[in-house]
Amino acid sequence: MPGRSLAAEEQALVDAILEFDEDAVLEQVQRLRSGGKDPLQIVEVARVAMDEVGQRFQTKQLFLTELIMGGELLKSTMRALGFATGTPARAEGAKGKVLLGTVAGDIHDIGKNIVLSLLVANGYDVVDIGVDVPAGRFVEEVRRYRPDVVGMCGLLTVAFDSMKATVDALVGAGLRDEVKVIVGGGAVDQKVCDYVGADAWGPTAADAVAICRKWIG
Ligand code: B1M
């Protein structure tokens, strides 16, 4: 949540996540909800904590077990907030069709599932093809489902090359002009968007929905 400091109750959620205290996390989520905070704002607060978990993992203050625990804790938080946590999923919606997946080499899916939930809640038909999805599979699924938008997620640096390979594969298959491509997750930014050859990137799940809305109504 760049640009503003956290309120005391938001900070309490961050602290509970950093202590890996699930009861305290869920209690704090409940408190924020009762206070009228929007679930997506709560996600962004949890994201602050997960960035810190990631930093501590990187600097070896935390180990893989704790990274996994952090992921599980975040999934419980998402469940409590009513977001999808499973994959794959298919939802029939009246609006346009979005194909969503985490690219090859990357299994991070919590952000993807939030994007999925939000798109479904906004009436889109979403086909979730899961995680670690090779470029060729994206091409196959585009041929099969004919989506309006292809959404690629990835948090690892190596995911950026997978995203580029996927866009290249769509070009090679003659499908690139038939779909809009949006990328997102973790460190994705405009530079990554340009590098991979996507049409847009979404800093948050809400941005992803706003972009799809702009494209397909
Ligand atoms: Co991983 N991990 N992880 N991890 N992990 C990161 C990404 C890392 C930055 C941590 C760090 O070291 N600082 C680092 C990547 C470093 C790099 O590549 N530069 C890392 C690493 C190294 C690894 C492993 C390699 C660790 C290891 O095994 N030694 C390994 C890789 C596995 C693999 O993918 N092949 C690994 C594994 C895991 C877990 C399985 C333990 C777990 C993931 C559980 C899961 O997803 N089911 C995990 C976790 C939890 C994290 C961190 C701590 C948190 C990720 C997260 O869920 N954030 C992460 C640190 C970080 O992100 N700073 C880290 C919350 C989530 C809501 O945010 O996904 O960004 P995010 O989604 C946002 C927006 O980005 C947006 O909407 C969401 C809400 O606003 N959004 C989109 C998301 N997708 C979008 C798509 C769009 C548009 C918007 O359009 C399509």
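Which residue of β5 does C153 stand opposite? The residue is G184. With that pair as a starting point, let us walk through this predicted model, beginning with the strands, moving on to the ligand, and ending with a few loop residues that reward a closer look.

## The strands around β4

C153 belongs to β4, which spans residues 149-153. Five of the five residues of this strand are buried, so β4 is largely enclosed by the rest of the structure. Both of its faces are covered: one side carries V149, G151 and C153, the other V150 and M152, and all of them are buried.

β4 has strand partners too. With β5 (180-184), β4 runs parallel, and five bridges join the two. With β2 (97-102), the pairing is again in the parallel sense, over five bridges. One residue pair to look for here is L100, whose bridge partner in β4 is G151.

β2 also pairs with β3 in the parallel sense, this time over four bridges. There, K97 has D125 as its bridge partner in β3. Strand β3 covers residues 125-128, and both of its faces are covered as well: D125 and V127 lie on one side, V126 and D128 on the other, and all are buried.

## The ligand and its shell

Now for the ligand. Around it are 40 residues, of which E44, D51, I107, H108 and T157 come nearest. By type, the shell divides into 20 nonpolar, 14 polar and six charged residues.

Which helix gives the largest share of this shell? It is α3, with nine residues. Among the elements that each supply at least two residues are α3 (39-58), α4 (64-81) and α5 (110-121), along with α9 (205-216). The strands β4 and β5 are on that list too, which ties the ligand shell back to the strand pair we started from.

Why does the ligand lie between two domains? Domain 1 (8-80) and domain 2 (97-216) both give residues to the shell, so the ligand lies between them.

The ligand contains a cobalt atom, and its single donor from the protein is H108, through NE2, 2.3 Å away. H108 sits in the loop between β2 and α5. The polar contacts of the ligand include the three gathered here.

| Residue | Atom of the residue | Atom of the ligand | Distance |
|---|---|---|---|
| D51 | polar side-chain atom | nitrogen | 2.7 Å |
| I107 | polar backbone atom | oxygen | 2.7 Å |
| A205 | polar backbone atom | oxygen | 3.1 Å |

D51 and I107 also appear among the residues that come nearest to the ligand.

## Loops leading into the strands

The loop between α6 (135-145) and β4 holds D148. At 32% relative accessibility, D148 counts as partly exposed. D148 and K180 are 32 residues apart in sequence, yet their C-alpha atoms are 6.4 Å apart in space.

R146 has its place in the loop between α6 and β4. R146 is partly exposed, with a relative accessible area of 46%. Its backbone deserves a glance: phi of R146 is near 50°, a positive value in a residue other than glycine. Most residues other than glycine have a negative phi.

On the way into β5, the loop that follows α7 (158-172) contains R176. Is R176 buried or exposed? At 14% relative accessibility, R176 counts as buried. A polar atom of its side chain lies 3.1 Å from the backbone oxygen of G197.

## Toward the N terminus

F20 is found in the loop between α1 (8-18) and α2 (22-34). Phi of F20 is near 55°, another positive value in a residue other than glycine. At 19% relative accessibility, F20 counts as buried, the cut-off being under 20%.

Finally, L6 lies in the segment before α1. L6 is partly exposed, with a relative accessible area of 22%. L6 and V48 are 42 residues apart in sequence, and 9.7 Å separates them in space, C-alpha to C-alpha.

Methods
Residues numbered from 1 in each chain as written. Predicted model: local features only at pLDDT ≥ 70, side-chain atom pairs only at ≥ 80, totals over all residues. Heavy atoms only, no water. Near = heavy atom within 4 Å. Polar contact = N/O pair within 3.5 Å; in protein donor to acceptor, adjacent residues only side chain to side chain. Nonpolar A, V, L, I, M, F, W, Y, C, P; charged D, E, K, R; others polar. Domains from an automatic or database assignment. Donors = N, O, S within 2.8 Å, 3.2 Å for Na, K, Ca; no water. Buried < 20%, exposed > 50% of the residue type's maximum accessible area, 1.4 Å probe, protein only. Pairing = 2+ DSSP bridges.
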